[in-house]
Amino acid sequence: MAKMSMPQPRVRFAPSPTGFLHVGGARTALFNWLYARNTGGIFILRIEDTDVARSSEEMVRAILDGLAWLGITHDEGPLFQSSFRGQHVAKARAMEKEGAAYRCFCTPERLEQRRRAAEARGDVWRYDRECAALPEPEFRRRLDAGEPSCLRFRVPEGRTVYDDLVHGPTSFNNADIEDLVLLRTDGSPTYNLSCVSDDIDMRITHVIRGDDHISNTPKQILLYRALGAEPPRFGHLPLILGPDKKRLSKRHGAVSVMEYSRAGYLPEALFNFLALLGWSPGNDREILTKAEMIEAFSFEGVGSRGAVFDTEKLTWMNGEYLKMKPATELAALVRPSFEEAGLWSAGLEAQRRDWFLKLLELLKDRCRLVTEFARDARPFLTESLDYEPVAAARHLGSPGAVGRLAALRDALARVEPFDEASCESALRELAARLGVKAGDLIHPARVALTGRMVSPGIFAVMAIMGREGTLARLNRAARFIEEGSGGTP
């Protein structure tokens with residue numbers, strides 16, 4: 001007997017263009033994309049722009065830019081939900097014709113009055129189907145009189161059961177589901193109708209979205225069945241939480257993904273980080289290539305509990321990706337922040353390019369954000385130098401510091417060649433000759449050369465700063481100590 005082949009998976013990411021692409025939406029898109037790539041499926045981008053008052057072309061562009069920056073590419077689309085309104089209405093009218101939906105003439109004021117009365121009694125209010133039981137003459141009279149009416153779906157009795165890809169078997173009592181509105185009084189389709197209609201027409205096989213949509217799922221399954229369509233598989237991803245275990249908000253970092261770009265994060269680092277928010281590849285590795293994530297992805301690894309958005313971990317991960325970048329790529333990445341800091345010059349791309357690439361190689365092990373390169377490169381690219389007050393007080397203000405710096409300056413003046421190994425040998429020989437620890441020379445030298453208590457290896461700093469630059473900085477620091485001033489020498 002021939003083995004039946006499964007249909008090609010078709011998934012969709014369906015953002016509303018009423019805001020930027022935030023990390024929650026980006027994570028949903030990413031999981032859909034990983035599933036499609038893992039299974040050889042199709043990833044569809046659908047823009048749900050039916051909220052005309054709040055949707056905008058600017059937000060559409062922002063969503064597309066965010067996905068493109070992350071490298072989440074779609075196979076079909078972008079498709080705009082507003083262009084399918086005719087199909088949405090047609091499906092609603094088909095359900096009305098079959099008796100699965102009915103006209104409701106209740107005004108918003110009347111519904112609100114009954115809702116308040118129920119709440120006063122301590123009851124949970126749901127629409128009581130008053131209009132579903134209208135006698136035919138009364139129904140015709142209201143219809144012929146042109147009374148405004150919406151179209152409601154008649155929720156059947158029983159339970160709605162489905163097997164969630166993340167949560168497993170899930171069941172809802174239909175008695176808890178209100179007869180939902182399909183078409184508003186102005187004839188416009190509602191979210192659940194439009195969503196189901198589009199998913200049917202686009203042949204969606206798997207709906208992968210956040211836990212906040214679980215309450216919509218039984219309603220949508222009922223609509224599928226009323227329209228004679230097989231519901232897709234549903235998978236609801238755990239919500240992203242802040243460190244306080246509350247739902248992620250702007251104060252936690254729920255900002256546009258492009259804000260992370262401007263803050264100095266790499267797209268591949270944010271992609272990797274988001275992939276691990278709620279999913280585990282089944283091993284202890286945290287840095288994975290996209291190919292490795294695609295190969296490992298499955299819903300067995302997706303947890304049902306909320307995933308904490310840890311900005312510190314994202315920043316660490318970004319630093320790991322920066323370490324893997326060749327200096328030639330870093331040069332292009334850091335240029336905007338160098339220009340903003342006033343540190344860029346044509347020479348860094350021309351006659352000083354080899355030196356600049358060496359500088360980036362030196363700095364990249366300590367930088368965790370692209371924007372930190374300009375901060376750490378400043379001592380190497382400017383004549384002026386500000387000492388960190390604590391560093392200056394501790395290492396330039398110690399007894400004998402000026403004499404040791406002067407002795408180090410004289411020792412380094414004779415070093416040949418002026419490279420890391422030779423500078424280290426000269427410093428350690430001087431420390432032995434003076435009867436002090438090497439650190440008694442290294443720490444004040446670090447502050448003298450970089451203005452900071454922490455920097456890349458001091459001998460690498462000397463080598464890339466060069467003999468002339470190193471001696472000049474040591475001289476400045478000695479003068480700073482002698483003058484007893486504070487600030488910029």
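Guide: A residue is called buried when its relative accessible area is under 20%, exposed when it is over 50% and partly exposed in between, using a 1.4 Å probe and protein chains only. This is a predicted model, in which local features need pLDDT of at least 70 and side-chain atom pairs count only at pLDDT 80 or more, while totals for chains, interfaces and linings use all residues. Residues are numbered from 1 along each chain as its sequence is written, and side-chain values use heavy atoms, leaving out hydrogens and water.

Visitor: What arc around the axis of H3 do its buried residues cover?
Guide: Helices (H or I, at least four residues) and strands (E, at least two) are DSSP runs numbered from the N terminus. In H3, the buried residues are His-88, Lys-91, Ala-92 and Met-95. They lie on the same side of H3, because the arc, taken from the directions from the helix axis to the C-beta atoms, is only 100°.

Visitor: How far apart are the end C-alpha atoms of helix H3?
Guide: The expected span of a helix is 1.5 Å times one less than its number of residues. Helix H3 (residues 85-97) has 13 residues and should therefore span 18 Å, which agrees with the distance between its end C-alpha atoms, 18 Å.

Visitor: How many aromatic pairs does the structure hold?
Guide: Rings of Phe, Tyr and Trp (its six-membered ring) pair if their centres lie within 6.5 Å, and planes under 30 degrees apart count as stacked, over 60 as edge-to-face and the rest as tilted. By that rule, the number of aromatic pairs in the structure is 14.

Visitor: Is the pair of Phe-31 and Phe-297 stacked or edge-to-face?
Guide: A pair of aromatic rings is described by the distance of the centres and the angle of the planes. For Phe-31 and Phe-297 the centres are 5.5 Å apart and the planes stand at 75°, so the pair is edge-to-face.

Visitor: How many residues apart in sequence are the parts that Phe-31 and Phe-297 tie together?
Guide: Phe-31 lies in helix H1 (residues 23-39). Phe-297 lies in the loop between helix H10 (290-296) and strand E12 (307-308), so the pair ties together parts whose separation, in residues, is 266.

Visitor: Which helix holds Phe-139, the partner of Phe-105?
Guide: Phe-105 and Phe-139 form an edge-to-face pair, 6.0 Å centre to centre with 65° between the planes. The pair links distant parts of the chain, 34 residues apart, with Phe-105 in the loop between strand E4 (101-104) and helix H4 (108-120), and Phe-139 in helix H5.
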